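Please look at the sequence and the 3D structure together, and then follow the description below from the outside contact to the inner division.

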Amino acid sequence: MSVLVYTENWEGKFKKLSFELLSYASEIAAQSGDQVVALSIGKVGENELNLLGNYGASKVLAVGYDGELDNQVYTSIIAQAVEKEDATIVIMSDNFTGKALAPRVSAKLKAGLVTGAVAVPASFDPFVVKKKAFTGKTFVHVKVNTAKKVISLIGNSVEIKETANAISIEKFGATLPEAKTSVKEVNRLTGRILLTDAEIIVSGGRGMKSADNWAPLEEFAEILGAATACSRPVSDEGWRPHHEHVGQTGKIVAPNLYFALGISGAIQHIAGVSGSKILVAVNKDKDAPVFEVADYGIVGDVQKVLPQFITAAKELKANS
Amino acid sequence: MKILVCISNVPDTTTKIKLVNNNSGYDKTGVQWIINPWDELALTRALLLKEEQGSPITEISVINVGTKDTEPTLRKALAVGADDAIRVDAEAKDAYYVAAQIAEVVKNNGYDIVLCGIESSDYNGSAVGGMLSELLDVPSVSSVSGLFIEDGKVKLNREIDGGTQVLATETPFVAIVQKGIALDPRIPAMRGIMMARKKPLVVLPPADIEALTEYIDYEMPQAKSACKMIDEDNAGDMIRLLHEEAKAI
Amino acid sequence: MNFEFTEEQVMIQQAARDYAQRELIKDVIERDDNAIFPTEHVKALAELGFLGMLVSPEYDGGGMDTVSYVLAMEEISKVDASASVIMSVNNSLVCYGIEAYANEEQKQKYLKPLARGEKIGAFLLSEPEAGSDATSQRTTAEDKGDYYLLNGTKNWITNANSAGTYLVIAQTHPEKKHRGINCLIVDRHAEGVSLGPHENKMGMRSSDTHSVMFTDVKVPKADRIGEDGFGFKFAMKTLDGGRIGIASQALGIASGAFERSVQYAKERKAFGTEIINHQVIAFKLADMAVKIENARNLCLKAAWLKDQGKPYGLMSAMAKQYAADIAMEVTTEAVQIHGGYGYVKEYHVERLMREAKLTQIYEGTSEIQKIVISRSLLND
């Protein structure tokens with residue numbers, strides 16, 4: 001039996017989340033005595049595939065197919081891999097791809113599904129997993145009653161653990177069903193850090209005052225290698241594009257470090273960032289609710305603070 | 001063309017969650033129940049599509065799996081313009097249970113487009129739409145931020161990790177929609193509220209389906225330790241702290 | 001007894017709240033500052049059916065009950081009383097007056113566009129020399145055989161410029177005193193109708209208030225409501241219902257200020273804790289809550305009586321007097337709780353306080369309501 005991890009790659013390299021998922025799967029496998037099998041779909045070189053061994057995989061099923069994401073086709077590949085490897089647990093990310101595939105895989109296998117998991121199973125018999133609910137306002141423990149299980153994991157929920165592991169790579173020629181959707185156009189956000197993958201996010205709120213004040217925020221983000229984001233009023237005003245809106249009705253993010261600049265911290269915004277490891281708040285109102293959830297704070301004007309951030313960040317990068 | 005919009009009944013998004021009965025549930029007193037915000041946007045988009053000139057959409061139905069308490073949200077959907085409503089009379093046990101109940105109804109009624117919100121704001125499952133499409137063996141397009149019908153053909157904009165897709169799909173299919181699909185949800189007008197009285201709300205008995213999962217209990221997030229404050233004039237110290245102490249940079 | 005709202009009443013309340021909190025709130029401070037009439041909002045409120053919500057569907061109205069109207073008025077008034085007064089005058093004075101007392105032909109001609117909100121209405125009673133004392137009308141409607149010749153000046157007219165349809169109270173037979181008064185339906189753009197300057201008001205600054213002058217305006221007899229001499233009774237009956245609208249408006253102003261105060265008191269810290277934890281603030285909020293609950297119950301009871309077809313004049317007078325007076329008290333306290341922030345416009349409560357004052361004055365001052373209430377005691 002095995003634990004199957006659906007890995008993701010980006011421009012030929014595995015995304016960090018793939019290593020997280022493998023670390024997570026390894027912890028489960030250590031308890032159940034199963035082996036961890038990684039499924040890789042797309043054009044990925046041998047060296048890169050071998051990397052997966054460092055995070056606990058003992059086998060990689062490499063599918064060379066790199067067609068655009070079609071939910072039915074990809075679901076079919078995963079289901080075939082499950083059958084081939086006699087997998088009892090399928091692990092994937094809780095990102096757009098995972099949201100697209102996990103429910104389909106679950107229904108296809110009649111396997112109980114836990115989306116938005118935040119920790120390794122609390123117990124194996126019964127099988128109970130902690131997941132996010134009410135957009136992070138609370139957690140709920142879900143008991144899975146089926147022999148097969150599908151879990152989608154929220155990013156940054158587990159530490160990446162390196163283990164030296166012998167790994168075998170097997171080319172897997174899955175049967176591809178005919179796609180019923182056809183992709184006409186793809187726009188990749190190349191050369192930019194994706195909000196949902198970002199380690200660091202620099203986010204601006206109404207306290208930024210106007211659309212014209214974003215240059216220093218962007219500069220600061222660039223120095224840190226961070227993605228930029230904003231609060232809802234900012235995207236509603238059209239100061240920033242909608243895809244940058246973070247919060248309950250926008251994107252839910254869980255980076256290592258989140259800068260809330262000029263964001264007061266409405267409950268809907270906090271719900272979207274509560275998974276962040278470290279939260280830094282800058283706001284001129286000392287009573288702003290954001291300080292209640294922040295780890296580090298500055299009461300002050302963003303326009304005054306940002307240039308100091310930039311100088312200090314430049315110094316830090318120059319010295320390292 | 002017929003559209004079915006799946007509606008989930010959830011606590012208002014500003015609800016503060018307070019756990020009760022040994023964390024086995026949350027306090028529902030005084031909670032205001034609303035149409036799940038993403039489902040409401042899905043419905044708004046469906047209405048806009050139907051109102052377009054020469055639209056092929058002939059009928060918009062809404063469906064909910066829930067007890068009688070959820071009927072006000074269905075009637076609100078009727079008041080903003082849905083043509084009819086279906087309630088499968090059962091407690092929504094888990095996402096699979098709900099998806100399988102809806103699948104039964106879809107099989108019997110033949111909808112061309114089924115719309116679901118990307119997640120419900122309570123259990124954040126993001127699961128019903130995908131499961132439903134698999135049970136029906138039809139295409140699903142997830143994280144849809146644009147849905148258009150041109151010359152009878154469906155065109156969608158979809159957000160994927162790392163970009164966006166424009167795609168076409170066969171019908172019937174399930175679209176799982178997110179922000180961008182419509183702007184603000186509709187506010188029911190008096191005329192709509194009056195008309196909703198006469199629109200059909202069909203109650204169906206549930207099919208015999210077993211849930212795959214169950215919720216055991218809840219846990220509140222740990223309170224954060226106090227926020228460490230840094231002076232506005234020494235803001236650069238923040239970056240050094242994040243590097244040395246928090247090891248986040 | 002049943003204090004439960006129907007599902008439909010809740011839906012209407014929610015619709016009004018959604019519109020107010022999502023749309024009306026935008027630029028409300030700027031509109032008030034610059035006395036800008038909320039043209040787009042009036043259009044939207046008309047499309048949603050709020051401007052004719054009490055009118056029967058037969059005349060293109062919403063066919064909703066008065067309880068729903070109270071709930072909707074409260075929600076709109078929490079955010080912008082200038083918008084809600086437009087809704088109140090149109091619904092409970094103009095539309096109600098026409099629907100209850102006009103003939104079929106007049107209803108077809110005038111009520112339908114008002115109920116659809118394509119036109120809005122104004123109610124012209126007050127005069128420079130006759131505010132509270134409605135019996136001493138100086139505006140005259142001289143009987144000229146097949147028409148009336150209208151002359152005189154009306155003051156403090158809400159919707160004066162934006163309205164299409166006026167209901168004008170005027171004296172035809174001075175010797176018969178109030179029994180000689182008539183109510184005429186007058187086109188705002190009829191020849192001889194002119195407006196005084198826009199009144200520069202303390203509050204509700206974006207509702208358009210003017211004096212209206214009539215100079216030899218010819219009004220066909222067919223546009224008189226009811227029998228000759230019915231005008232005074234018409235005005236008094238209509239004002240009974242109008243009071244429910246203004247009472248609910250005052251209630252909304254109070255509860256809007258209260259909600260902002262609670263939120264502020266939960267966030268604002270002083271002496272190391274949120275100010276709501278200081279008893280001096282907590283007790284203020286408790287007092288405000290009780291007053292608002294009382295006002296709401298009075299408004300709803302008056303509305304319920306009206307919906308049941310029972311006499312409601314006394315209850316609507318009680319509701320208006322009480323709700324207006326507590327609106328003034330509650331908003332004053334709201335400003336106090338907000339401290340310095342309460343005195344600046346950004347926090348809304350100073351505007352609500354200015355708006356509250358008007359509810360004690362128009363559509364019958366608090367003193368006039370007390371006359372109505374005390375007279376009914378004498379008559380018992």
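**Two chains and two domains**

Between them, chain A and chain B bury about 7200 Å², and 56% of this lies on carbon and sulfur atoms; buried area here is the accessible area (1.4 Å probe) that two parts lose on being put together, summed over both. On the side of chain A, Phe96(A), Phe134(A) and Tyr296(A) lose the most area to chain B, together 11% of what that side buries. This is a predicted model, in which local features need pLDDT of at least 70 and side-chain atom pairs count only at pLDDT 80 or more, while totals for chains, interfaces and linings use all residues. Residues are numbered from 1 along each chain as its sequence is written, chains are lettered from A and ligands numbered from 1 in the order in which they are written, and side-chain values use heavy atoms, with hydrogens and water left out.

Counted by residues, the contact (heavy atoms within 4.5 Å) takes 92 from chain A and 80 from chain B. Seven salt bridges are counted between chain A and chain B, a salt bridge being a side-chain nitrogen of Lys or Arg within 4 Å of a carboxyl oxygen of Asp or Glu. One of them joins the side chains of Lys130(A) and Glu219(B), at 2.8 Å from N to O.

The two chains also meet through their strands, which, like helices, are DSSP runs numbered from the N terminus (helices H or I, at least four residues; strands E, at least two). Strand β18 (residues 296-299) of chain A pairs with strand β15 (residues 228-229) of chain B in the parallel sense over two bridges, where pairing requires that DSSP finds at least two bridges between the strands. Tyr296(A), already named among the residues that lose the most area to chain B, has Lys228(B) in β15(B) as its bridge partner.

Within chain A, the division is into domain 1 (2-171) and domain 2 (200-319), with bounds that come from an automatic or database domain assignment. The centres of these two domains of chain A, taken over C-alpha atoms, are separated by 31 Å. Eight residues of domain 1 of chain A are in contact with ten residues of domain 2 of chain A, and the two domains bury about 680 Å² between them, 50% of it on carbon and sulfur atoms. Of the area that domain 1 of chain A buries against domain 2 of chain A, 68% is supplied by Thr135(A), Lys137(A) and Asn156(A), more than by any other three residues. Across this interface between the domains of chain A, the rule finds zero salt bridges.
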